[in-house]
Amino acid sequence: MSIFSTDKALFEPFELGDLKLNSRIVMAPMTRSRAINNVPNDLMAEYYTQRSSAGLIISEGTSPSVNGIGYPRIPGAYTPEQIEGWKTITNKIHSNGGKFFLQLMHCGRICAAENVPEGGEVIAPSAVHADGLMFTDEKGEVPHVTPRAMTLADIKSAQQEYADSAQHLVERAGVDGIELHSANGYLLDQFLNPKSNLRTDEYGGDFKNRARFVIETAKKVAHVIGENKVGIRISPYGAMNDVAHDYDDIVELYSYLAQELRKIGILYIHIVDHTGSMGAPDFKTDIKQTIKLNFGGPIITGGDVNSKEDAEQILKDGYDLVYIGRPFISNPDLVEKLKDGDDLRDPNPELFYSAEKEGYTDY
Ligand SMILES: Cc1cc2nc3c(=O)[nH]c(=O)nc-3n(C[C@H](O)[C@H](O)[C@H](O)COP(=O)(O)O)c2cc1C
């Protein structure tokens, strides 16, 4: 066996830009709905600290704006109190030797009126209602709100919100970087996708126009925090949240997006792969390789990784870092367990989004 075997690589340090990760294992972003009043708290600090042996932790989706809070009890990063909460969490992860990127998730039209804090408004590229139900603490499951279509002024101010949030998180909370959530049918993905974006101006229509909002936002955020602190998550052929999972220009769209992100010089692209396990249809093309070739920089991917062998397969397929989601919920010491080949505990999905510590910090 070569000394450069992938077996070695998975648990060896990896340089992601200026960051030295202690392994290639990334804790995937996971909404856990413990942020009462949308403010990160000590319970969340305990949860993340318990998992800080991951090579890199990517936070749960966090809203850059009062308009972006679609779910109950998801955290924000747009008030001083929220930034303070993130600072405490980041410091604890860092003192345990971990690295931390915060995922900025503006939900756009994936939202129930009950979940929007005072002063917020549900906006999206077009006034297109999303099928499906949204959980609320007040009424249980309710339909999504039909959003108001964003004006050009809304577009500029939403982009500014991403940039401001990113700046405060890096400069004041000390996070290692920002991941833009442009996957799974949330605001950025709503611009990319032809089912949720029916605009006829320069932000809608052909693939270059549909990619404009995402590219401009990435540029703005890179401008304030540095391009080497910006990653992005995308989900080609994804089916979550009532987006079209396949359409004529999907390969052109993601090739173009990857090329433009390469020009900006962002740190990584994180490709969601929910085929097989999370109800997504199979990829119709080798889109992950297409994105990798057009981007040229580090790629994180994964999906249903439950063992060292599964993780190594992702590296053998030519990707750089492996994301793991659900196993991190029920195995805070996942990296050690994978290394030792120990059996993994299964998480309890009924407690994924509850408000308490059960099913959160007690595994
Ligand atoms: C409870 C839960 C919450 C999630 N929340 C997010 C999120 O906030 N942002 C995101 O990009 N993906 C989210 N995901 C998707 C995961 O990041 C990941 O892609 C998915 O769990 C598949 O990976 P796995 O098979 O390793 O679990 C979530 C998944 C779960 C199970």
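1. Strand β10 in this predicted model has two sets of side chains. Gly177, Glu179 and His181 point one way from β10. Ile178, Leu180 and Ser182 point the other way. Residues on both sides are buried. In a regular strand, side chains alternate between the two faces of the sheet.

2. The burial of β10 is complete by count. Six of the six residues in the strand, 177-182, are buried, so β10 is largely enclosed by the rest of the structure.

3. β10 has two strand partners to note. Strand β5 (residues 100-104) pairs with β10 in the parallel sense, over four bridges. Glutamate 179 of β10 is the bridge partner of glutamine 103. Strand β11 (residues 230-234) also pairs with β10 in the parallel sense, here over five bridges. Isoleucine 178 stands opposite valine 230 of β11.

4. Next, the nonpolar core. Which residues have the most contacts inside the largest one? They are Val26, Leu169, Ile178, Val221 and Ile269, in a core of 95 residues. Ile178 is thus listed here and also faces valine 230 across the β10 and β11 pairing. In soluble globular proteins, nonpolar side chains tend to be buried together.

5. Valine 26 deserves a closer look. Leaving out residues up to four places away in sequence, valine 26 touches Ala54, Gly55, Leu56 and Ile58. Beyond those, valine 26 touches Ile300, Leu321, Val322 and Tyr323. Ile300 falls within β13 (299-302).

6. Helix α8 spans residues 287-295, and its buried residues are Lys288, Ile291, Lys292 and Phe295. Seen down the helix axis, these buried residues fall within an arc of 100°, so they line one face of α8. Their cover includes α7 (250-264), β12 (268-271) and β13 (299-302). Just after the helix, glycine 296 takes a positive phi of about 85°.

7. The ligand site comes next. The ligand is surrounded by 24 residues. Ala28, Thr31, Gly61, Gly325 and Arg326 are the closest. By class, the shell holds ten nonpolar, ten polar and four charged residues.

8. Last, serine 354. Where does serine 354 lie? Its place is in the segment after α11 (334-340). Is serine 354 buried or partly exposed? With 15 other C-beta atoms within 10 Å, serine 354 is partly exposed, because burial takes 20 or more such atoms. The C-alpha atoms of serine 354 and aspartate 137 are separated by 9.9 Å, with the two residues 217 residues apart along the chain.

Notes
Residues numbered from 1 in each chain as written. Predicted model: local features only at pLDDT ≥ 70, side-chain atom pairs only at ≥ 80, totals over all residues. Buried ≥ 20, exposed ≤ 12 C-beta atoms within 10 Å, placed from the backbone. Arc of directions from axis to C-beta. Contact = placed C-beta atoms within 7 Å. Near = placed C-beta within 6 Å. Nonpolar A, V, L, I, M, F, W, Y, C, P; charged D, E, K, R; others polar. Core = buried A, V, L, I, M, F, W, Y, C linked by C-beta atoms within 7 Å. Pairing = 2+ DSSP bridges.
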